[in-house]
Amino acid sequence: MRYVQLRAFHQVAISGGFSRAAEALFLTQPAISDQVRKLEEEYDVLLFNRNKKQVTLTAQGKRLLEITHRMFETEQQALELLTESRALRSGTLRIVADAAHHLLHILGAFRARYPGVQVSVRSGNTETVISSLYSYEADIGVLGEVPTGRDFEMLKLNSTPIIAFVSGDHPLASRKSLTLQQLAQEPLVTRERGSKTRKKLEDLAAALNIELKPAIEAEGREAVREIVASGAGVGFVSAAEFGHDTRLVPISIEAPETLMDEALICLRERSGGKLVRAFLDTARSMSND
């Protein structure tokens, strides 16, 4: 088994095609195809289902990808160890967050300590955060629910209740609090399925025998915020994520308190990476201040 064959297979699998894999490895598409073909022929396995429009992994291919993920991550960790000082001077840290504002104070401190490190931040719900970490598309995640299991190392940031909110000119804007039953009578603007805020709210409603019917379902917290600001209905968010928007008014929910935990998480197997460790250490030092 040759390293170049495994590298070609791995890149095709994570890129989703031979052309993109060739671009990533600075090789020609025939060269990549030849390496994968030789790997399949030598071990008499089919790793990819090939058709004109897309390339997908077979069951054997998926199992091999789990192994090559670990293999090349270990290689990356070895490289980081050998180039430790360089990684902290000019590396790239990828973060996917369900709410980026939880990171703002940490990002500022991290950038002050490691100004040469490039940081990319993209948004996503809980499902996106978890899948991005498992697929190695992100180094660190930020999400509103601490996951169970041993795969993750985590650092809790805060814990705040879910609240409702409306536009400043909404008929309910003068109310400081309302029951969930009262709120359920209003047009509701909710997050997409996969949002932990929505799941917790629905669980609370079910426990109280209340039916929540979304009038509008929007993808992403900012979309919900803008729709609610237009006066279209009632939205829900954790208190920590409400922020400061003069167009909006918060309303407490008269019900058993439902808390949203916000945490930094990373795959335990990747927690030894220099950039990941440096970011977690920065966050931990700030939480102890």
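T282 is placed in helix α12, which comprises residues 274-287, helices here being DSSP runs of H or I with at least four residues, and strands DSSP runs of E with at least two, both numbered from the N terminus. The model is a predicted one, in which local features need pLDDT of at least 70 and side-chain atom pairs count only at pLDDT 80 or more, whereas totals for chains, interfaces and linings use all residues. Residues are numbered from 1 along each chain as its sequence is written, and side-chain values use heavy atoms, with hydrogens and water left out. With a relative accessible area of 0%, T282 is buried, a term that stands for under 20% relative accessible area, while exposed stands for over 50% and partly exposed for the range in between (1.4 Å probe, protein chains only). When residues up to four places away in sequence are not counted, T282 touches I106, A109, F110, R113 and Y114, contact being defined as heavy atoms within 4.5 Å.

Two of the residues touched by T282, F110 and Y114, also take part in the aromatic pairs. A search of the whole structure finds seven such pairs, where rings of Phe, Tyr and Trp (its six-membered ring) pair if their centres lie within 6.5 Å, and where planes under 30 degrees apart count as stacked, over 60 as edge-to-face and the rest as tilted. One of these pairs is formed by F9 and F48, which are tilted, with 5.4 Å from centre to centre and 45° between the planes. Since F9 lies in helix α1 and F48 in strand β1 (residues 48-50), the pair ties together parts that are 39 residues apart in sequence. Both F9 and F48 are buried. The rings of F110 and Y114 have centres 5.1 Å apart and planes at 50°, so this pair is likewise classed as tilted, and F110 is buried, with a relative accessible area of 0%. Ring pairs further link F9, F18 and F48 into a cluster.

Two members of that cluster, F18 and F48, recur among the contacts of V12, a residue found in helix α1 (residues 3-15). V12 counts as buried at 1% relative accessibility, and, leaving aside neighbours within four places in sequence, V12 is in contact with G17, F18, A21, I32, V36, F48 and V55. From V12 to G233 the C-alpha to C-alpha distance is 45 Å, with the two residues 221 apart in sequence.

Helix α10 (residues 221-229) has R221, V224, R225, V228 and A229 as its buried residues. These residues cover an arc of only 130° around the axis, which puts them on the same side of α10, the arc being that of the directions from the helix axis to the C-beta atoms. An α-helix has 3.6 residues a turn, so residues three or four places apart point the same way. E226 also has its place in helix α10 but counts as partly exposed, at 40% relative accessibility. The C-alpha atoms of E226 and E75, which are 151 residues apart along the chain, are separated by 44 Å. Just after α10, G231 takes a positive phi of about 95°.

Positive phi values also occur in residues other than glycine, namely Y136, at about 65°, and N209, near 65°. Most residues other than glycine have a negative phi. Y136 is found in the loop between α7 (126-134) and β5 (140-143), where Y136 is buried, with a relative accessible area of 13%. N209, by contrast, lies in the loop between α9 (196-207) and β9 (214-218) and is exposed, with a relative accessible area of 73%.

For the protein chain as a whole, the secondary structure comes to twelve helices and twelve strands, and the C-alpha trace spans about 70 × 45 × 30 Å along its principal axes. Of the 289 residues in the chain, 45% are buried. Among contacts between residues at least 6 apart in sequence, 75% join residues at least 24 apart. The accessible surface comes to about 15300 Å², of which 51% belongs to carbon and sulfur atoms, areas being obtained by the Shrake-Rupley method with a 1.4 Å probe and, for residues, with only the protein chains shown counted as cover. The mean positions of the 36 positive and 37 negative charges are 4 Å apart, with Lys and Arg counted as positive, Asp and Glu as negative, and His and the chain ends not counted; the place of a charge is taken as NZ of Lys, CZ of Arg, CG of Asp or CD of Glu.
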